[in-house]
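Work through the exercises below with the model open beside you. Try each task before reading its solution.

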Amino acid sequence: MLVRLEKEMYGQLHYKNSDKYCISNKNYREDYACIKSNKIDMTLSGTYLSKYPFRYIKKYKLDKYPSAEENFKLITSIKNKYKFYDEKYSIILGAGSNGLIQNICKILLKDGGNMIMPYLSFEQAEYATNSFNSETRKVFLEDYQINLKFIEESIDKKTKLVYICNPNNPTGLLLENREIKKLVRKYPNIYFMIDESNIEFSGQESLLETGMCKNMIVLKSFSKAYGLSNLRIGYLVCECELEELYKDNVTINEFSGISTYYANKVINSNNYKNNVKKIKKEINYLKSELNSVKIKTLNTFSNTLFTETIFKDEFIKVLDQHNISLVPVWDQNNKLHFRIACQKHKINKLFINELKRIEIEKYIILL
């Protein structure tokens with residue numbers, strides 16, 4: 001018998017199907033990118049606080065279609081950055097991690113089956129899988145951390161893809177690469193998509209540096225550490241066999257030549273390291289200030305904070321009245337948390353000052 005759970009990450013209903021996971025019925029209308037943007041917007045996490053290694057868009061690039069030459073240059077730069085020259089694997093460029101996730105789900109799940117992911121995680125894989133009338137199994141967390149044993153126990157003969165975001169979004173928590181690889185090797189006939197969009201903030205090496213598994217898809221983004229969110233460019237690394245299937249089903253002109261041109265500029269520069277350093281500094285500022293107003297957050301390995309403090313649902317309306325936008329997150333026990341994305345210091349300070357005008361303790365649920 002299905003047990004109805006009242007809320008999920010952005011207010012969508014779903015059903016509990018076992019003691020390990022639930023089945024999602026969410027779609028793209030639930031994307032937190034659709035949240036109203038107030039004056040103090042702490043929702044989107046593509047902030048760049050450093051200096052870009054370029055000045056402006058060259059006019060001659062605007063009337064050119066994306067070229068194989070620009071793509072090849074960027075792919076070569078990626079290989080050189082990670083010293084990743086294994087010929088068993090291919091690098092595929094795409095329209096940000098969102099676009100790449102959607103394409104992988106389309107390719108692997110268009111004929112049915114199920115995709116497994118953590119309960120609280122980046123939801124694009126969930127939306128894409130559900131849009132093809134395939135099944136998304138959302139595996140419950142344990143103390144906010146991804147439980148790989150629960151994921152393993154949710155796999156069955158119909159599982160075609162497992163999605164793991166590391167560091168996880170929205171919680172910001174990190175899994176060790178060796179633990180992920182241990183699970184991946186047990187299921188050589190299932191693809192594991194490991195989303196490393198925020199790995200630069202964690203201090204942990206990429207799987208491209210520590211070694212991949214044949215059935216592993218490593219997803220990378222230029223939106224976070226590199227600050228190119230608006231250009232919608234990212235890439236994945238996968239076995240050559242999957243690359244051929246990808247090329248059969250996806251157009252090569254999903255992203256612009258301008259995107260690859262500037263992505264190549266930033267990946268060949270060390271400016272992003274300064275950006276990571278500055279964002280970490282702002283994260284520490286936010287964490288300390290939030291704690292001063294009785295809001296506790298998890299220790300993050302990402303560029304966002306997740307509140308360990310639980311709130312009454314009415315706090316969402318109060319935030320809106322104070323011109324604050326946060327991402328509301330209901331956990332597997334229907335308790336309300338928030339994801340807070342780091343912004344420039346001026347906005348972060350404005351956010352904290354506005355919070356201090358609210359009697360926050362009235363809206364906190366004490367456990």
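**Exercise 1. The cavity**

How many cavities of 30 Å³ or more does a search of the whole structure find? State the volume of the largest cavity and describe its lining.

Solution. This is a predicted model.
- Step 1: the search of the whole structure finds 1 cavity of 30 Å³ or more.
- Step 2: the largest cavity holds about 40 Å³ of space.
- Step 3: its lining consists of Leu290, Ile295, Thr307, Phe311, Phe315, Leu326, Phe338, Ile340, Phe351 and Leu355.
- Step 4: two or more of the lining residues come from strand S16 (336-341), and two or more from helix H11 (345-355).
- Step 5: sorted by class, the lining has 9 nonpolar residues, 1 polar residue and no charged residues.

**Exercise 2. The nonpolar core**

Find the residues with the most contacts inside the largest nonpolar core, then list what Phe351 touches.

Solution.
- Step 1: the largest nonpolar core has 112 residues, and Phe222, Phe315, Phe351 and Leu355 have the most contacts inside it.
- Step 2: helix H2 (residues 96-109) contributes the largest share of this core, 7 residues.
- Step 3: leaving aside residues up to four places away in sequence, Phe351 touches Ile40, Met42, Leu286, Leu290, Ile324, Leu326 and Ile340.
- Step 4: Phe351 is also among the residues that line the largest cavity, as are Phe315 and Leu355.
- Step 5: as background, nonpolar side chains in soluble globular proteins tend to be buried together.

**Exercise 3. A residue of helix H11**

Is isoleucine 347 buried or partly exposed? Name its contacts as well.

Solution.
- Step 1: isoleucine 347 is found in helix H11.
- Step 2: the relative accessibility of isoleucine 347 is 26%. Buried means under 20% and exposed means over 50%, so isoleucine 347 counts as partly exposed.
- Step 3: not counting residues up to four places away in sequence, isoleucine 347 touches Ile40 and Met42. Ile40 and Met42 are also touched by Phe351.
- Step 4: from C-alpha to C-alpha, isoleucine 347 and aspartate 320 are 16 Å apart in space, and they are 27 residues apart in sequence.

**Exercise 4. Two pockets**

Describe the volume and lining of the largest pocket, then do the same for the second largest.

Solution.
- Step 1: the largest pocket contains about 480 Å³ of space. It is lined by 23 residues, and those closest to its centre are Ile75, Ile91, Leu93, Glu243 and Lys247.
- Step 2: at least two lining residues each come from helix H1 (68-82), strand S5 (89-94) and helix H7 (240-249). S5 gives the most, with 5 residues.
- Step 3: by class, this lining has 13 nonpolar, 5 polar and 5 charged residues.
- Step 4: the second largest pocket has a volume of about 380 Å³. Of the 22 residues in its lining, Tyr32, Asn98, Phe122, Lys224 and Arg232 lie nearest the centre.
- Step 5: the lining of the second largest pocket has 5 nonpolar, 12 polar and 5 charged residues.

**Exercise 5. Backbone angles**

Where do asparagine 133, asparagine 334 and proline 167 lie? Give the backbone feature found at each place.

Solution.
- Step 1: recall that most residues other than glycine have a negative phi, and most peptide bonds are trans.
- Step 2: asparagine 133 has a positive phi, near 60°. It lies in the loop between helix H3 (124-131) and strand S7 (135-139). Its relative accessible area is 73%, over the 50% cut-off, so asparagine 133 is exposed.
- Step 3: asparagine 334 also has a positive phi, near 65°. Its place is in the loop between strand S15 (327-330) and S16. With a relative accessible area of 27%, asparagine 334 is partly exposed.
- Step 4: the peptide bond from asparagine 166 to proline 167 is cis, with omega near 0°. Proline 167 sits in the loop between strand S8 (159-165) and helix H5 (177-186).

**Exercise 6. The whole chain**

How many helices and strands does the chain have? Decide how its radius of gyration relates to the globule rule.

Solution.
- Step 1: the chain has 11 helices and 17 strands.
- Step 2: its radius of gyration is 20 Å, close to the 21 Å that the globule rule gives for 367 residues, so the chain is as compact as a globular protein of that length.
- Step 3: the C-alpha trace spans about 60 × 55 × 35 Å along its principal axes.
- Step 4: of the 367 residues, 58% count as buried.
- Step 5: among contacts between residues at least 6 apart in sequence, 71% join residues at least 24 apart.

Terms used
Residues are numbered from 1 along each chain as its sequence is written. This is a predicted model: local features need pLDDT of at least 70, side-chain atom pairs count only at pLDDT 80 or more; totals for chains, interfaces and linings use all residues. Side-chain values use heavy atoms; hydrogens and water are left out. A nonpolar core is a set of buried Ala, Val, Leu, Ile, Met, Phe, Trp, Tyr and Cys residues joined through side-chain atoms within 4.5 Å. Buried means under 20% relative accessible area, exposed over 50%, partly exposed in between (1.4 Å probe, protein chains only). Helices (H or I, at least four residues) and strands (E, at least two) are DSSP runs, numbered from the N terminus. Contact means heavy atoms within 4.5 Å. On a 1 Å grid over the protein atoms alone, a cavity is a set of points where a 1.4 Å probe fits but cannot get out, and a pocket is an open set with protein on both sides within 12 Å along at least five of seven lines; lining residues have an atom within 4 Å of a point. Grid points are joined across faces, edges and corners, and a volume is the space filled by probe spheres set on the points. Ala, Val, Leu, Ile, Met, Phe, Trp, Tyr, Cys and Pro count as nonpolar, Asp, Glu, Lys and Arg as charged, and the others, Gly among them, as polar. The radius of gyration is taken over C-alpha atoms; the globule rule is 2.2 Å times the number of residues to the power 0.38.
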